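Visitor: Could you walk me through one part of this model up close? I'd like to follow a single helix and then see what its neighbours are up to.

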Amino acid sequence: MNLPNKLTMLRVCLVPVFVVLMLAEGIPYGNIWAGVLFIAASLTDTLDGYLARKNNLVTDFGKFMDPIADKLLVCSAMICLVAQEKLAAWMVIIIIGREFIISGFRLVASDKGTVIAASYWGKFKTVFQMIMIVMLIYDFGEVWNHLALAVTWIALVLTVVSMIDYLRKNWSIMDGQM
């Protein structure tokens with residue numbers, strides 16, 4: 001297993017630790033450590049892709065597991081934030097629903113021998129979701145909370161826009177499926 005794939009698997013392994021730090025009672029500075037862990041895990045997402053492309057280490061395993069690792073990290077963080085009443089459940093349902101829809105779309109495309117690459121809208125969506133999560137984990141007061149709310153709405157809009165963009169660009173893949 002090459003280094004980019006190890007970083008992807010590290011991100012997967014960090015998810016349960018992150019969840020415990022976010023939700024377990026009695027862990028001193030649990031949210032602070034969870035935020036640090038989330039930031040570190042998010043940075044491995046950028047690093048593993050960079051290293052894979054730079055060193056010609058792109059693998060089918062990495063293409064498959066990297067987006068799953070991202071979804072596990074982001075979705076588990078959002079669910080923790082719902083549990084802490086820092087994020088509205090309906091927003092998380094929309095965001096996770098989009099992930100299921102696009103993953104299903106990619107599965108159909110894969111069966112037809114087509115790879116649907118991440119779009120810029122999808123990448124912007126992921127970045128804003130990660131920024132949103134960090135801002136919601138750390139509560140630095142009123143101005144911070146207003147900024148976090150704005151970033152949350154931007155992340156939600158980008159989620160919907162990226163889904164529409166994926167569907168519009170790739171709808172022909174569904175021909176004969178319905």
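Guide: Sure, and let's start right at the beginning of the chain. Keep in mind that this is a predicted model. At the N-terminal end of α1 sits a cap: N2 places a side-chain oxygen 2.9 Å from the backbone nitrogen of N5. From there, how far does the helix run? Helix α1 covers residues 3–23, and at 1.5 Å a residue its 21 residues should span 30 Å; the end C-alpha atoms are indeed 30 Å apart, so expectation and model agree. That said, α1 does bend, by about 30° at L14, and a proline, P16, follows within four residues.

Now look at which side chains of α1 are tucked away. The buried residues are P4, N5, L7, T8, R11, V12, L14, V15, F18, L21 and M22. If you're wondering about the spacing in that list, an α-helix has 3.6 residues a turn, so residues three or four places apart point the same way. As for what these buried residues pack against, the partners are α2 (30–54), α3 (60–83) and α5 (120–137). Note that N5 turns up twice here: its backbone nitrogen takes part in the cap, and the residue is on the buried list.

R11 deserves a pause. Its side chain meets that of D70 in a salt bridge, 3.1 Å from N to O. Because R11 lies in helix α1 and D70 in helix α3, the pair ties together parts that are 59 residues apart in sequence. Both R11 and D70 are buried. The pair isn't on its own, either: R11, D45, D48, D66 and D70 are linked in a network of salt bridges.

Overall, the structure holds 9 salt bridges, and another spot to visit is E99. The side chains of E99 and K71 meet in a salt bridge at 3.3 Å, N to O. With E99 in helix α4 and K71 in helix α3, that pair ties together parts 28 residues apart in sequence. E99 has 6% relative accessibility, so it counts as buried, while K71, at 22%, counts as partly exposed. E99 also meets K125, again side chain to side chain, with 2.8 Å from N to O. K125 lies in helix α5 and E99 in helix α4, so this bridge ties together parts 26 residues apart in sequence. Here both K125 and E99 are buried.

Let's finish with the rings. The count comes to 5 aromatic pairs. One of them is W90 with W153, a tilted pair at 5.8 Å centre to centre and 55° between the planes. W90 lies in helix α4 (residues 89–111) and W153 in helix α6 (residues 142–170), so the pair ties together parts that are 63 residues apart in sequence. W90 is partly exposed, with a relative accessible area of 44%, and W153 counts as partly exposed too, at 41%. Then there's Y138 with F140, a stacked pair: 5.9 Å centre to centre, with 10° between the planes. Y138 has 13% relative accessibility and counts as buried, whereas F140, at 59%, counts as exposed. Add W144 and you have a cluster, with ring pairs linking Y138, F140 and W144.

Methods. Residues are numbered from 1 along each chain as its sequence is written. This is a predicted model: local features need pLDDT of at least 70, side-chain atom pairs count only at pLDDT 80 or more; totals for chains, interfaces and linings use all residues. Side-chain values use heavy atoms; hydrogens and water are left out. Helices (H or I, at least four residues) and strands (E, at least two) are DSSP runs, numbered from the N terminus. The expected span of a helix is 1.5 Å times one less than its number of residues. The bend at a residue is the angle between axes fitted to the seven residues ending there and the seven starting there. Buried means under 20% relative accessible area, exposed over 50%, partly exposed in between (1.4 Å probe, protein chains only). Contact means heavy atoms within 4.5 Å. A polar contact is a pair of N or O atoms within 3.5 Å; within protein, one must be able to donate a hydrogen and the other to accept it, and residues adjacent in sequence count only if both atoms are side-chain atoms. Rings of Phe, Tyr and Trp (its six-membered ring) pair if their centres lie within 6.5 Å; planes under 30 degrees apart count as stacked, over 60 as edge-to-face and the rest as tilted. A salt bridge is a side-chain nitrogen of Lys or Arg within 4 Å of a carboxyl oxygen of Asp or Glu.
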